[in-house]
Amino acid sequence: ETDFFETINSVKENFNIDTTRLYLTGSCSGGFKALELATRYPHMFAAIGLISPVFKKNYSNESLLILNEPYNFMKNISNIPVYILHSSVDIHTPVISSDEFVEEAKGYNMRNIHYYRTDRILDMYYWEQHSDSVAEFITKYSLSSQPGNISFSTNQLKYNTAYWFKIIDKADSIAEVEVKSNSDNTINILTQNVNSFELDLE
């Protein structure tokens, strides 16, 4: 992550970039890393594009790594449009990984997932052939910096911010947050294992 942010900061310093149009893309294990960054820093990215992604890694007995897998924090990206392309005959990354992710997302009532499951792609690796479709999808979006509803969970205090909600202190367990803005300018906030928080309302 250090290299990633050093690169982002260097680009900002040397070029006049639109920071509301930062995107994450990846295939296979690169898809895993894209999801990891997005669940940790949802307020930074406008959209995600994935091809044949790995959503879970087998860490055997490394319980801490399993607990912190981005799959377990998928609701953090509920405000980010996600494009997934996966071949049903993929022998490198089985399509069931995407099937399970999409089904799990439905449980969180996430409507931002755009899943394209196809049996027409026979290549083992197909990022190059279909990267244009990823780019076409993600570049339609810009960052939603002030979403009305926020779903957020974190196991580490260093990943404590989702848009305008910031966890200041938490218990040892996973912190859970559900925020809903109402039409009468009130906000409903439900938290679990959160000791203190602050809001950055514009």
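Here are some exercises with worked solutions on a predicted model.

**Exercise 1. The four-stranded sheet**

Task: Find the order of the strands in the open sheet of four strands, and say which strands stand at its edges.

Solution:
- Start with the pairing. Strands of a sheet pair through backbone hydrogen bonds, either parallel or antiparallel.
- Now follow the neighbours. Six bridges link β1 with β2, and these two run parallel. One of the partnerships here is T25 with G49 of β2.
- Next, β2 is joined to β3 by four bridges, again in parallel. I51 has L85 in β3 as its bridge partner.
- Then six bridges connect β3 with β4 (residues 113-118), also parallel. S87 is partnered by T118 in β4.
- Put together, the order reads β1-β2-β3-β4, with parallel pairing.
- Strands β1 (23-28) and β4 are the edges: each has a single partner strand, so one side of each lacks a neighbour in the sheet.
- As a last detail, the twist from one strand to the next averages 10°.

**Exercise 2. Helices around the sheet**

Task: Work out which strands helix α2 lies across and which ones helix α5 touches.

Solution:
- Look first at α2 (residues 29-40). This helix lies across β1 and β2, and runs at about 145° to β1.
- Helix α5 (residues 127-138) packs on the sheet and touches β1, β2, β3 and β4. The direction of α5 makes about 155° with that of β2.

**Exercise 3. From β3 to β4**

Task: Trace the chain from β3 to β4 and decide whether the crossover is right-handed or left-handed.

Solution:
- Leaving β3, the chain passes through α4 and arrives at β4.
- This β-α-β crossover is right-handed.
- On the way, pause at V95, which is in the loop between β3 and α4. Its relative accessibility is 8%, so V95 counts as buried.
- V95 touches H86, S87, S88, Y115 and R117, leaving aside residues up to four places away in sequence.
- For a sense of distance, V95 and I17 are 78 residues apart in sequence and 35 Å apart in space, C-alpha to C-alpha.

**Exercise 4. Buried or exposed?**

Task: Explain why strand β3 is described as largely enclosed, and find the neighbours of S52.

Solution:
- Sort the residues of β3 by direction. V82, I84 and H86 point one way, while Y83, L85 and S87 point the other way, and all are buried.
- Six of the six residues of β3 (residues 82-87) are buried, so the strand is largely enclosed by the rest of the structure.
- Now move to S52, which has its place in strand β2. With a relative accessible area of 7%, S52 is buried.
- Not counting residues up to four places away in sequence, S52 touches S27, C28, L85, H86, D90, T93 and Y126. L85 and H86 are among the residues of β3 met above.

**Exercise 5. Aromatic pairs**

Task: Decide whether the pair F4 and F5 is stacked or edge-to-face, then do the same for F55 and F101.

Solution:
- The structure has 10 aromatic pairs. In the pair F4 and F5, the ring centres are 5.2 Å apart and the planes make 85°. Planes over 60 degrees apart count as edge-to-face, and that is the label for F4 and F5.
- Both of these residues are partly exposed: F4 has a relative accessible area of 23%, and F5 has a relative accessibility of 21%.
- For F55 and F101, the centres are 4.1 Å apart with 5° between the planes, and the pair is stacked.
- F55 lies in the loop between β2 (47-53) and α3 (63-67), whereas F101 belongs to helix α4 (residues 96-107), so the pair ties together parts 46 residues apart in sequence.
- F55, at 1% relative accessibility, counts as buried, and F101, at 0%, counts as buried too.
- To finish, F4 and F5 belong to one aromatic cluster with Y41, F45 and Y159.

**Exercise 6. A charge and a ring**

Task: Find which ring the charged end of K56 sits over.

Solution:
- The ring is that of Y71, and the charged end of K56 is 4.3 Å from its centre.

Methods: Residues are numbered from 1 along each chain as its sequence is written. This is a predicted model: local features need pLDDT of at least 70, side-chain atom pairs count only at pLDDT 80 or more; totals for chains, interfaces and linings use all residues. Side-chain values use heavy atoms; hydrogens and water are left out. Rings of Phe, Tyr and Trp (its six-membered ring) pair if their centres lie within 6.5 Å; planes under 30 degrees apart count as stacked, over 60 as edge-to-face and the rest as tilted. Buried means under 20% relative accessible area, exposed over 50%, partly exposed in between (1.4 Å probe, protein chains only). A charge sits over a ring if NZ of Lys or CZ of Arg is within 6 Å of the ring centre and within 35 degrees of the ring normal. Two strands pair if DSSP finds at least two bridges between them. A crossover is right-handed if, with the strands pointing away from the viewer, the path from the first strand over the helix to the second runs clockwise. Axes are lines fitted to C-alpha atoms, for helices over the stretch in contact, and angles run from 0 to 180 degrees between N-to-C directions. Contact means heavy atoms within 4.5 Å.
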